[in-house]
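Hi everyone, thanks for making room for me today. Let me put the model up on the screen, and then we'll walk through it together.

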Amino acid sequence: MYHDLKRPTFLLTQILSRTSSFAFANTVSSLNNISTPLLQNNFQQLPFTSFASSNMTRAPVICISHGGGPLPVLGDPMHKDIIKSLQTRVPELLELGTPEAPRAIVLVTAHWSERNPTISSGSKHSLFYDYYGFPPESYKLKYDAPGSPEVAKEVAAALKEVGLKPELDETRGWDHGVFIPMLLINPAADIPVVQLSVLESESPADHFGMGRALASLRDSNVAIVGSGFASFHNLRLMFSGIMGDPAFKQRSDAWSKAVGEAVLEKTVEEREEKVKEWRKWPGAYEMHPRGGAEHFLPLVVCAGAGGEGQGGSYKDSFNGLDMYSYFWA
């Protein structure tokens, strides 16, 4: 089940109109020359410096906010904070460019839902441009990182251990939940990526179980990255104008507080008990409508993969709201 395949044409008139062709060309031309400046220590929950250890051997878990369609790569001004975080915060957390960089990334994408957890298992994958109504250049983007059949098999074995029925898929292309953020996170494309679907059932217990299973891969330096929009993904409301309503901002803040209190619990057991009840949190159906949880589910997987200990979070401003990303090391 593919998401975001048919979006209203006002994506162009209300959002894309703010993105010039010059911004697009400038962004794409610089993707292979992106530097990674040192991060400002403005993470919440834990300072970044507590994770910056040259002795780190266990790969991290990060659930990112990936933005809308190809807009982060197009240089859309509304995405400027998200773009900056993808170019700076996330590479630092992954320790890219150092000997501790992960040997592979398992990326759980909101834009791929299947009955069983499905794993991209080819040595090379094409790109699946699963968005509509954007400039022709956005359908010519390339991300040439290798896949990893070996790591895909490791993922499948781990998921089988917890009673799931994983499937391997050698042919499906990487969707924009993968290649758009990765173009900004690691434009060098020198780390293998294995894409993992979420589940059509939207079961929080199953997704948390997926994460707990994937945690074992971290010890062999495989990073787990969730790609979604956990703080808010309700397109009907997004284009209704409600995001500028102070009352809605208060409800969004209350929701984000509940999310943070749950996924950043120190013990896996406490975290799991809270996350299983996420649909009872204030604003859950307003932030993620019924049957539309796919952008929240990568966070549930990551919360399971985070293991014991305190995680951290940071926020990016997006259309007047705070969009949170979460990490564990």
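Let's begin with a pair of charged residues: Asp-175 is buried, and Arg-172 is buried as well. Buried here means under 20% relative accessible area, while exposed means over 50% and partly exposed is in between, with a 1.4 Å probe and protein chains only. These two residues form a salt bridge, with their closest N and O atoms 3.0 Å apart. By salt bridge I mean a side-chain nitrogen of Lys or Arg within 4 Å of a carboxyl oxygen of Asp or Glu.

A quick word on what you are looking at. This is a predicted model, where local features need pLDDT of at least 70, side-chain atom pairs count only at pLDDT 80 or more, and totals for chains, interfaces and linings use all residues. Residues are numbered from 1 along each chain as its sequence is written, and side-chain values use heavy atoms, with hydrogens and water left out.

How confident is the predictor? pLDDT is its confidence in each residue, from 0 to 100. The protein averages 86, and 83% of the residues score at least 70. Over residues 1–54, though, the pLDDT is below 50, and that stretch has 114 contacts in the model beyond near neighbours in sequence. A contact means heavy atoms within 4.5 Å.

Now the overall picture. There are 12 helices and eight strands; these are DSSP runs numbered from the N terminus, with helices being H or I of at least four residues and strands being E of at least two. Of the 329 residues in the protein, 59% are buried. If we take contacts between residues at least 6 apart in sequence, 82% of them join residues at least 24 apart.

Let's go to the strands. In β5, residues 193–199, seven of the seven residues are buried. Strand β2, residues 104–114, runs parallel to β5, and six bridges join them. Strands count as paired if DSSP finds at least two bridges between them. One bridge to look for is Leu-107 with its partner Gln-195 in β5. As a general point, side chains in a regular strand alternate between the two faces of the sheet.

Gln-195 turns up again around Thr-118, a residue of strand β3, which spans 118–120. Is Thr-118 buried or exposed? Thr-118 is buried, because its relative accessible area is 5%. Leaving aside neighbours within four places in sequence, Thr-118 is in contact with Trp-112, Glu-167, Asp-169, Gln-195, Leu-196 and Ser-197. A polar atom of the Thr-118 side chain also lies 2.8 Å from the backbone oxygen of Asn-116.

Back to charges, then. The structure holds 14 salt bridges. In one of them, the side chains of Glu-154 and Arg-103 meet at 2.8 Å, N to O. This pair links distant parts of the chain, 51 residues apart: Glu-154 is in helix α5 (149–161), and Arg-103 is in the loop between α4 (80–94) and β2. Glu-154 has 30% relative accessibility, so it counts as partly exposed, and Arg-103 is partly exposed too, at 35%.

Another salt bridge joins Glu-265 and Lys-274, with the closest N and O atoms 2.5 Å apart. Which of the two is buried? Glu-265 is, because its relative accessibility is 17%; Lys-274, at 36%, is partly exposed. Finally, Arg-212, Glu-269, Glu-272 and Lys-276 are joined into one network by salt bridges that share partners.

Thanks for listening!

How values were computed:
A polar contact is a pair of N or O atoms within 3.5 Å; within protein, one must be able to donate a hydrogen and the other to accept it, and residues adjacent in sequence count only if both atoms are side-chain atoms. pLDDT is the predictor's confidence in each residue, from 0 to 100.
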